[in-house]
Amino acid sequence: MTSVDVPRDPEVERVRRRYHRLLEEASDPHEWAYAWRTELNKGGFRAVDFLMSEIVETGKCIGCASCVTICPVDVFEYEDEHPVDARREACVYCVLCAEVCPVLRPVDKDLPRLVEFRPPATDEGFGRYSYGVYARATDPKILDRGQDGGMVSALIIHGLETGTLGGAVLGDVLPDNNQIGTHRLARTREDVLACAGSRYTYSPNTLALLEAMRNDVRPLAVVGVPCQVDGVRLQQNSSIRLEVADWYRDNISLVVGLFCSEAFTHESIAKLGEMIDVPPSRIVNINIKGKVVVRLDDGEVVTASLKKYREFARPACLYCLDYGAENADIAAGGIGLDDWTLTLVRTEAGHRAFQAAIDDGWIETRPLTDEPRGEELLRKLSAAKKKNRPLPAQMPTLQQRQALGWLDPKTFYTKGPGAPTDDGESR
Ligand SMILES: Cc1cc2nc3c(=O)[nH]c(=O)nc-3n(C[C@H](O)[C@H](O)[C@H](O)COP(=O)(O)OP(=O)(O)OC[C@H]3O[C@@H](n4cnc5c(N)ncnc54)[C@H](O)[C@@H]3O)c2cc1C
Ligand code: SF4
Ligand code: SF4
């Protein structure tokens with residue numbers, strides 16, 4: 001019998017009714033998340049069916065790949081930024097895939113028990129952190145390859161070459177299209193340099209966790225956008241103590257998150273080519289600095305309107321409320337000073353790795369006060385990503401948004417159908 005022929009588990013309907021009832025009863029996200037987790041942990045149902053019908057088929061899946069990398073019996077494939085339930089019949093009802101989906105529930109309030117946020121762990125609207133600086137690689141080769149200050153690549157190479165890391169889960173590019181991302185388990189300086197720079201399409205970096213686990217590559221760093229960071233934390237923090245979750249908890253020693261307003265569709269690359277009137281194959285790098293800054297293969301730099309490019313933002317990014325990678329050990333972005341990486345050190349593990357690279361002369365820093373606009377933007381962009389947004393579970397499905405004719409994730413809850421009207425109701 002193929003997986004397609006396996007009848008949908010009738011228990012899933014009961015779980016779905018309970019899930020929606022909990023949502024109505026507990027509007028506080030954490031209270032709700034706790035109640036949901038308790039319900040979920042009773043188990044006894046084919047969670048893959050629940051995940052597919054509640055998240056994937058509704059178009060709410062953000063593509064983080066957590067469900068794929070946690071499944072102990074390899075139920076899923078991953079295609080076109082989504083999990084595919086390729087082997088449903090293999091499901092052992094462990095419910096791990098539903099437990100680690102960041103769209104189904106926010107990361108727990110009890111996360112500090114796992115992640116040691118470093119004092120003073122201030123939260124000024126962009127997540128708990130200890131201190132922030134502008135940072136950049138001192139090695140000109142790393143700086144040159146990096147998207148901003150090359151801090152992320154310098155930190156990872158430093159870890160690999162000093163032995164504090166055995167490998168790193170990064171994003172690479174497809175051989176025939178350098179703007180489309182794919183996952184890579186990096187083991188050497190060359191691997192890391194090949195992955196440096198940002199692609200603004202979605203790159204399923206964390207799929208490389210499977211290779212790391214199978215080959216026991218550790219200690220491991222993970223670099224990813226906030227949805228991937230949350231997925232990793234949920235996997236590490238699982239209350240269902242299966243070997244896979246244990247491996248991630250014990251062996252992922254550093255999680256580096258990239259600030260993220262949104263990612264863009266694959267189609268966006270061809271559209272950008274049209275906007276700047278060059279074949280997309282000539283685009284070497286894209287950076288977003290209030291406008292879209294495009295470097296071409298002959299070194300020429302041209303710009304395009306960010307407002308126009310935003311029409312090609314990934315609709316799924318609506319279901320994400322995290323700009324600053326709030327649950328990472330270190331968070332990094334390109335706002336503020338050009339050619340420097342705005343770096344927030346959030347946890348004790350992040351501090352140890354970052355300070356070691358500074359002490360060994362691999363990374364240099366400047367205070368955030370050198371360009372205060374960086375912090376201002378961080379606050380503003382983080383707030384914008386949460387503004388008016390309820391829990392993803394309470395948001396409309398992709399199909400409902402298509403019917404409303406408003407797919408832009410950035411404006412749905414500010415100017416679009418989700419924005420409050422003058423009397424405080426939704427439009
Ligand atoms: C989709 C996306 C959206 C972003 N949005 C913002 C933003 O709104 N504001 C902001 O300040 N910064 C944003 N950034 C972060 C910024 O582009 C830089 O990644 C960050 O400043 C670190 O720069 P660096 O020079 O230190 O990194 P580098 O040394 O160049 O290392 C970058 C790392 O990013 C990884 N990577 C590349 N592309 C992807 C991808 N698509 N998904 C996951 N990992 C990837 C690579 O594996 C590499 O390890 C975004 C990044 C991405 C990928
Ligand atoms: S959001 Fe992540 S965990 Fe949830 S279904 Fe999609 S890929 Fe799986
Ligand atoms: S906006 Fe959120 S969901 Fe979209 S790519 Fe960035 S972190 Fe992931």
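**Close-up views of a predicted chain and its three ligands**

The chain holds 16 helices and 13 strands. Everything shown below comes from a predicted model, so please read each view with that in mind.

**View 1. The whole chain, before we zoom in.** Along its principal axes, the C-alpha trace spans about 60 × 50 × 45 Å. The radius of gyration is 21 Å, which agrees with the value near 22 Å that a compact globule of 427 residues would have. Buried residues account for 46% of the 427 residues. If we take contacts between residues at least 6 apart in sequence, 69% of them join residues at least 24 apart.

**View 2. An open sheet of eight strands.** Reading across the sheet, the strand order is 5-4-6-7-11-12-3-13, and the pairing is mixed. Strand 5 (177-186) and strand 13 (363-367) are the edge strands, each pairing on one side only. From one strand to the next, the twist averages 30°. As a reminder, strands of a sheet pair through backbone hydrogen bonds, either parallel or antiparallel.

**View 3. Strand 7 and its two neighbours.** Is strand 7 mostly covered or mostly open? Six of its seven residues are buried, so to speak the covered case. On one side, strand 7 (residues 252-258) runs parallel to strand 6 (residues 220-224), and five bridges join the two. Two pairs are worth finding here: Leu-220 has Ile-252 of strand 7 as its bridge partner, and Val-223 stands opposite Val-256 of strand 7. Strand 7 also pairs with strand 11 in the parallel sense, over three bridges. There, Leu-258 has Ala-332 of strand 11 as its bridge partner.

**View 4. Helix 7 across the sheet.** Helix 7 (residues 151-162) lies across strand 3 (131-137), strand 4 (167-174), strand 6, strand 7, strand 11 (330-333), strand 12 (341-345) and strand 13. With strand 3, helix 7 makes an angle of about 80°. Helix 7 returns in the next view, where it contributes to the shell around ligand 1.

**View 5. The surroundings of ligand 1.** There are 32 residues around ligand 1, and Gly-146, Ser-153, Leu-170, Gly-171 and Gly-333 come nearest. Which elements each supply at least two residues of this shell? They are helix 7, strand 4, strand 6 and strand 11. The largest share, three residues, comes from helix 7. By class, the shell has 14 nonpolar, 16 polar and two charged residues.

**View 6. The surroundings of ligand 2.** Here 14 residues surround the ligand, and the closest are Cys-61, Cys-64, Ser-66, Cys-67 and Cys-101. Helix 3 (47-56) and helix 4 (66-70) each supply at least two residues of the shell. Helix 3 gives the most, with three residues. How many charged residues does the shell around ligand 2 have? It has no charged residues, alongside 11 nonpolar and three polar ones.

**View 7. The surroundings of ligand 3.** The residues around ligand 3 are Ile-62, Tyr-202, Val-225, Pro-226, Cys-227, Cys-260, Glu-262, Ala-263, Arg-314, Cys-317 and Cys-320. By class, this shell divides into nine nonpolar, no polar and two charged residues.

Key. Residues are numbered from 1 along each chain as its sequence is written. Chains are lettered from A and ligands numbered from 1 in the order in which they are written. This is a predicted model: local features need pLDDT of at least 70, side-chain atom pairs count only at pLDDT 80 or more; totals for chains, interfaces and linings use all residues. A residue is near a molecule or strand if its C-beta atom, placed from the backbone, lies within 6 Å of it. Helices (H or I, at least four residues) and strands (E, at least two) are DSSP runs, numbered from the N terminus. Ala, Val, Leu, Ile, Met, Phe, Trp, Tyr, Cys and Pro count as nonpolar, Asp, Glu, Lys and Arg as charged, and the others, Gly among them, as polar. Two strands pair if DSSP finds at least two bridges between them. Axes are lines fitted to C-alpha atoms, for helices over the stretch in contact, and angles run from 0 to 180 degrees between N-to-C directions. Two residues are in contact if their C-beta atoms, placed from the backbone, lie within 7 Å. The radius of gyration is taken over C-alpha atoms; the globule rule is 2.2 Å times the number of residues to the power 0.38. A residue is buried if 20 or more other C-beta atoms lie within 10 Å of its own, exposed if 12 or fewer, and partly exposed in between; C-beta atoms are placed from the backbone.
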